[in-house]
Amino acid sequence: MKKIFLILSIFIMGLIISCSNSSNNKNGTRVLKLSHPQADGYPLDIADKKFAEIVSNKSAGKYIIEIYPSSQLGDSKASLELAKSDVIQFAHINAAVLESFDSMFLALNLPYIFKDYTHYTNVMRNQEITKYFESTINDGFISLMALESGSRNIYTKSKPINTTKDLQGLKIRVQDSPTSIEMIKLLGGSPVVINYSEVYTSLQQGVIDGAENNFPSFVETGHAEVAKYYSLTEHMRISDILTVGAPFWNSLSEEDKQMFRDAARETEEFFSEIWKKSEEMNMEKAVKEYGVTIVKPDTTLFRNSVLKMHEDLYTKNPELKGILDFIKSMEK
């Protein structure tokens with residue numbers, strides 16, 4: 001029933017959007033559509049607007065990108081399906097969602113696959129990653145841009161998380177991602193998959209004991225009002241990926257493809273400063289305004305607890321050996 005509902009939703013949304021495409025190709029200008037799930041003014045939204053500005057300038061007005069925030073065109077999965085069908089052209093979504101579309105993202109989303117922030121940027125800013133990002137063309141999309149979303153950490157209502165033993169018996173909300181679910185199990189907690197919009201009330205009512213996310217999301221959603229312990233486990237660095245539908249990408253000349261790649265790199269550099277400031281501001285706000293206690297556990301035990309996931313991925317998905325070896329090679 002969920003699949004039927006998704007297909008119907010995409011079909012209806014496609015009809016609505018198609019009716020608004022009359023401005024396409026006027027005076028040589030093509031109007032493109034970009035969907036993302038964050039609110040207007042959130043760092044990701046600011047970055048996408050900057051991307052649109054850069055593309056317009058680089059193409060001398062040939063391409064105009066309209067931004068649709070707050071899942072106006074459907075949730076992340078629905079938006080990607082719309083992009084794959086060329087109803088829209090871009091869908092900016094969390095890499096965790098992409099696991100169900102291509103196994104490559106299982107490697108990028110592994111807990112502790114990145115040693116630290118420097119290792120993460122060494123991978124994501126390397127030209128080699130483009131090869132992997134564009135290898136999904138036969139799946140109906142490519143990845144054009146990876147915006148950092150900081151380290152994901154565990155926050156709880158009743159007690160701090162200093163070791164994996166502290167997670168035993170706790171219900172921790174995770175994204176609908178096999179990787180995230182398995183990670184919490186190995187760390188000793190009980191993973192609970194619920195919609196992001198339901199996390200606040202679920203924390204309030206005791207349906208869950210905690211969740212995991214980055215600092216801006218923790219504070220700006222109000223979760224800091226009810227969860228008073230934020231433990232810097234730094235277990236994941238999952239990017240927000242700007243995907244491009246294959247029909248649109250395949251229609252571009254090589255020159256225009258490179259223009260979009262260059263615009264994406266410029267946006268990533270622009271975004272890194274915005275994100276850094278957002279993290280610092282929200283960390284300060286969490287402590288001073290909400291009385292949150294920041295916990296700094298030794299992450300060695302956490303890392304060791306999930307190494308099985310690394311080994312299993314090598315064994316069960318030999319096609320991922322290339323990208324896994326590439327990620328590890330950039331650790332130095």
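**View 1. Salt bridge between Asp40 and Lys49.** In this predicted model, Asp40 and Lys49 join their side chains in a salt bridge, with N and O 2.5 Å apart. Asp40 has a relative accessibility of 55% and is therefore classed as exposed. Lys49, at 40%, is classed as partly exposed. By the rule applied here, the model holds 19 salt bridges, and further examples appear in the views below.

**View 2. Salt bridge between Lys33 and Glu66.** The closest N and O atoms of Lys33 and Glu66 are 3.5 Å apart, and the two residues form a salt bridge. The pair links distant parts of the chain, 33 residues apart: Lys33 belongs to strand S1 (residues 30–35) and Glu66 to strand S2 (residues 63–68). Lys33 has a relative accessible area of 2%; because buried means under 20%, Lys33 is counted as buried. Glu66 is partly exposed, its relative accessible area being 28%.

**View 3. The five-stranded sheet and helix H3.** Five strands make up an open sheet of mixed pairing, ordered S2-S1-S3-S10-S4. S2 and S4 are the edge strands, each paired on one side only. From one strand to the next, the twist averages 25 degrees. S1 and strand S3 (residues 90–94) run parallel and are joined by two bridges. Ser35 is placed opposite Ala91 in S3. Helix H3 (residues 76–84) lies across S1, S3, S4 and strand S10 (240–245), and runs at about 150 degrees to S3.

**View 4. The six-stranded sheet and helix H8.** This open sheet has six strands in the order S7-S6-S8-S5-S9-S11, and its pairing is mixed. Its edges are strand S7 (190–193) and strand S11 (293–295), each of which pairs on one side only. The twist from one strand to the next averages 30 degrees. Three bridges pair strand S9 (residues 229–236) with S11 in the parallel sense. Tyr229 is found opposite Thr293 in S11. Helix H8 (residues 178–187) packs on the sheet and touches strand S6 (171–174), S7 and S9. The direction of H8 makes about 155 degrees with that of S7.

**View 5. Helix H6 and its surroundings.** Which residues of helix H6 (residues 117–124) are buried? They are His119, Tyr120, Thr121, Val123 and Met124. The elements that cover these buried residues include helix H5 (104–108), helix H7 (128–133), strand S4 (141–147) and helix H14 (321–329). S4 is also an edge strand of the sheet in View 3. At the start of H6, a side-chain oxygen of Asp116 comes to within 3.3 Å of the backbone nitrogen of Thr118.

**View 6. Salt bridge within helix H14.** The side chains of Lys321 and Asp325 form a salt bridge with an N to O distance of 2.6 Å. Both residues are in helix H14, where they lie four residues apart, about one turn of the helix. Lys321 is partly exposed, with 46% relative accessible area. Asp325 is likewise counted as partly exposed, at 29% relative accessibility. H14 is also among the elements that cover the buried residues of H6.

**View 7. A network of salt bridges.** Four residues, Arg125, Glu148, Arg265 and Glu268, are linked by salt bridges into a network.

Methods:
Residues are numbered from 1 along each chain as its sequence is written. This is a predicted model: local features need pLDDT of at least 70, side-chain atom pairs count only at pLDDT 80 or more; totals for chains, interfaces and linings use all residues. Side-chain values use heavy atoms; hydrogens and water are left out. Buried means under 20% relative accessible area, exposed over 50%, partly exposed in between (1.4 Å probe, protein chains only). Contact means heavy atoms within 4.5 Å. A polar contact is a pair of N or O atoms within 3.5 Å; within protein, one must be able to donate a hydrogen and the other to accept it, and residues adjacent in sequence count only if both atoms are side-chain atoms. Two strands pair if DSSP finds at least two bridges between them. Axes are lines fitted to C-alpha atoms, for helices over the stretch in contact, and angles run from 0 to 180 degrees between N-to-C directions.
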